[in-house]
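Me: I would like to go through this model with you, one packing detail at a time. Please reason each answer through before you settle on it.

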Amino acid sequence: MLALLSILSALALLGLTVYALHRHQTMEVEITVNRSAPLPPLEPNAAVRLRRQDAPAPSREPARQKPDTARPAAPAAPKSASTAASWQDEIAQLKAESRFAEAYTLCRRYFPLWGAYNQYCMVLRTELKAAGTDPVKYPQLLESLYRTAVIAELLHDKSTESSKLTNAELRKLDLDAVAELPFPFTEIGYAHLRLIRKGDIKQLVDAWGRPQGHVPPRQFHAEWWQKQFTP
């Protein structure tokens, strides 16, 4: 009888031990699973609250207005003859386009300025080159080049014995009358003409021969010039 009770007690103790071990193992597994499981997603309101808590406090300084970069800049106006930087640029453009008649007209608008006569000679040289050996056009253009250079020197003589006139005084002259004056190449020559270049001299000598002398235009027409300013 005592032996039977001992056996039953041993079996009960063994059962409790097995149950305790099984329970301990189950708890270990649950703890491991809980540690490795991902966190559940936050609710929308909770996420907003977290962002507001993490965000820096707004500055009390007024916000600076950013420039409006969405509006495109206005395109630049194209450069044309009518919007050229100066009348010299416009003449150069007309000359490049072989619009010689318009270039001459624009030059004459600025007579008696020295620069206007210079531009006129430049246009004539371009047209002379384009004319080539034309038996009619070439001699006319060459004579016009020479007379323009002489008139420019007559009005803007810078020699020490001549008085320099202002543009206002020059505008009082009758330029049509000046254009009618004789300017013989054989007597006036080319040495005192600042607008005549070396290439022009060769063309003049080839066409008209060597001049007999070289005289400043204002000296050649000294009497006429004196009358223009005699009260």
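Me: How are helix α3 and α5 oriented where they pack, roughly parallel or roughly antiparallel?
Reply: This is a predicted model, and in it helix α3 (residues 87-96) packs with α5 at an angle of about 10 degrees, the two axes being 10 Å apart. Angles under 35 degrees count as roughly parallel. The orientation of α3 to α5 is therefore roughly parallel.

Me: Which residues of α3 and α5 make the contact, and how many of them are nonpolar, polar and charged?
Reply: From α3 the contact draws on W87, Q88, I91 and K95, while α5 supplies G115, A116, Q119, M122, V123 and T126. Sorted by class, the contact of α3 with α5 has five nonpolar, four polar and one charged residues.

Me: Is L124 buried or exposed, and which residues does L124 contact beyond its neighbours within four places in sequence?
Reply: L124 lies in helix α5, which covers residues 114-131. Its relative accessible area is 2%, and because buried means under 20%, L124 counts as buried. Y104 is 20 residues away along the chain, and its C-alpha atom is separated from that of L124 by 8.7 Å. Leaving aside the neighbours within four places in sequence, the contacts of L124 are Y104, L141, S144, L145 and T148.

Me: What distance separates the end C-alpha atoms of helix α6?
Reply: Helix α6 (residues 137-155) has 19 residues, and at 1.5 Å a residue they should span 27 Å. The expected span agrees with the separation of the end C-alpha atoms of α6, which is 27 Å.

Me: Which element gives the largest share of the largest nonpolar core?
Reply: In soluble globular proteins, nonpolar side chains tend to be buried together. The largest nonpolar core here has 41 residues, of which I91, Y104, Y146 and L155 touch the most other members. Two or more residues of this core come from each of α3, α4 (100-109), α5, α6, α9 (185-188) and α10 (198-208). The buried residues of α6 include L141, L145, Y146 and L155, and the largest share of the core, 10 residues, comes from α6.

Me: Which residues does L155 contact outside its neighbours within four places in sequence?
Reply: L155 is among the buried residues of α6. With neighbours within four places in sequence left aside, L155 is in contact with P112, Y117, L170, L173, L175, R218 and W225.

Me: Where is H221 placed, and is H221 buried or exposed?
Reply: H221 sits in the loop between α11 (217-220) and α12 (222-228). Not counting residues up to four places away in sequence, H221 touches L181, P182 and F183. Its relative accessibility is 9%, so H221 counts as buried.

How values were computed:
Residues are numbered from 1 along each chain as its sequence is written. This is a predicted model: local features need pLDDT of at least 70, side-chain atom pairs count only at pLDDT 80 or more; totals for chains, interfaces and linings use all residues. Side-chain values use heavy atoms; hydrogens and water are left out. Helices (H or I, at least four residues) and strands (E, at least two) are DSSP runs, numbered from the N terminus. Buried means under 20% relative accessible area, exposed over 50%, partly exposed in between (1.4 Å probe, protein chains only). Contact means heavy atoms within 4.5 Å. Axes are lines fitted to C-alpha atoms, for helices over the stretch in contact, and angles run from 0 to 180 degrees between N-to-C directions. Angles under 35 degrees count as roughly parallel, over 145 as roughly antiparallel, 65 to 115 as roughly perpendicular and the rest as oblique. Ala, Val, Leu, Ile, Met, Phe, Trp, Tyr, Cys and Pro count as nonpolar, Asp, Glu, Lys and Arg as charged, and the others, Gly among them, as polar. The expected span of a helix is 1.5 Å times one less than its number of residues. A nonpolar core is a set of buried Ala, Val, Leu, Ile, Met, Phe, Trp, Tyr and Cys residues joined through side-chain atoms within 4.5 Å.
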